[in-house]
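Q: Please take a close look at the sheet in this model and walk me through it. I'd like one connected answer, covering what packs on it and the contacts around it.

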Amino acid sequence: MNEGDFFKSRGLIKTPSNNLIAAASSGGKTSLLIKMLMHSKDVFDQEIEHIFFCYKVFQNQYEVLKNKGNVTFLQRLPNVGDLENWNAKYKGQKICVLDDL
């Protein structure tokens, strides 16, 4: 079973929604998140137009998301201005990831 089929077999995450991935340190949270984002068409019930990925320290795992094309990276927490700008620029479903912040 490939990763896309794995997510399809579990059901779709309804959007809009608030979600949390929690596990111990080195528990695979970021790896799972990246797989979910790479297979977003199989994971979410609506197409995700853009992903805003906020982080403290850039990790090599993030590189694969650069090739996805619809990801903006921000090395800090977003402020109200960031959120307003993103909302004005991208009209469809969006995801804001806060990774280890």
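**A close look at the sheet**

A: Let's start with a single pairing: cysteine 54 stands opposite leucine 74, a residue of strand 2. Keep in mind that you're looking at a predicted model. Strand 1 and strand 2 run parallel, and 4 bridges join them.

Now step back to the whole sheet. It's an open one, with 3 strands in the order 2-1-3 and parallel pairing. Strand 2 and strand 3 are the edge strands, each pairing on one side only. On average, and ignoring direction, neighbouring strands here are turned by 15° against each other.

Where does that sit in the chain? Overall there are 5 helices and 3 strands, and if you follow the sequence along you read α-α-α-β-α-β-α-β. Among contacts between residues at least 6 apart in sequence, 59% join residues at least 24 apart. The chain has 101 residues, and 31% of them count as buried. Its accessible surface is about 6,700 Å², with carbon and sulfur atoms accounting for 51% of that.

Next, the helices against the sheet. Helix 5, made of residues 80–89, lies across strand 1, strand 2 and strand 3, and runs at about 150° to strand 3. As for strand 1 and strand 2, remember the 4 bridges that join them. Helix 2 packs on this sheet too, touching strand 1 and strand 3, and its direction makes about 165° with that of strand 3.

Now for the rings. The model has 10 aromatic pairs. Take phenylalanine 53 and phenylalanine 73: their ring centres are 5.7 Å apart and their planes sit at 55°, so this pair counts as tilted, a label kept for angles that are neither under 30 nor over 60 degrees. Phenylalanine 53 belongs to strand 1 (residues 48–55) and phenylalanine 73 to strand 2 (residues 71–74), so the pair ties together parts that are 20 residues apart in sequence. Is each of these two residues buried or partly exposed? Phenylalanine 53 has a relative accessible area of 0%, so it's buried. Phenylalanine 73 comes in at 23%, so it counts as partly exposed, given that buried means under 20%. Both rings are members of one aromatic cluster, made up of Phe53, Tyr55, Phe58, Tyr62 and Phe73.

Finally, have a look at strand 3, which covers residues 93–99 and includes glutamine 93. That glutamine 93 is partly exposed, with a relative accessible area of 22%. Glutamine 93 and glutamine 46 are 47 residues apart in sequence, yet their C-alpha atoms are 7.2 Å apart in space. Their side chains are joined by a polar contact of 3.3 Å. Leaving out neighbours within four places in sequence, glutamine 93 is in contact with Thr15, Pro16, Gln46, Glu47, Ile48, Glu49 and His50.

Threonine 15 is on that list, and it comes from the loop between helix 1 (3–10) and helix 2 (29–38). At 12% relative accessibility, threonine 15 counts as buried. Its side chain makes a polar contact of 2.7 Å with the side chain of aspartate 45. Not counting residues up to four places away in sequence, threonine 15 touches Phe44, Asp45, Gln46, Ile48 and Gln93. Gln46 and Ile48 are in contact with glutamine 93 as well.

Methods:
Residues numbered from 1 in each chain as written. Predicted model: local features only at pLDDT ≥ 70, side-chain atom pairs only at ≥ 80, totals over all residues. Heavy atoms only, no water. Phe/Tyr/Trp six-rings, centres within 6.5 Å; stacked < 30°, edge-to-face > 60°. Helix = DSSP H or I, 4+ residues; strand = E, 2+ residues; numbered from the N terminus. Buried < 20%, exposed > 50% of the residue type's maximum accessible area, 1.4 Å probe, protein only. Contact = heavy atoms within 4.5 Å. Areas by Shrake-Rupley, 256 points an atom, 1.4 Å probe, with all protein chains shown as cover. Polar contact = N/O pair within 3.5 Å; in protein donor to acceptor, adjacent residues only side chain to side chain. Pairing = 2+ DSSP bridges. Axes fitted to C-alpha atoms, helices over the stretch in contact; angles between N-to-C directions.
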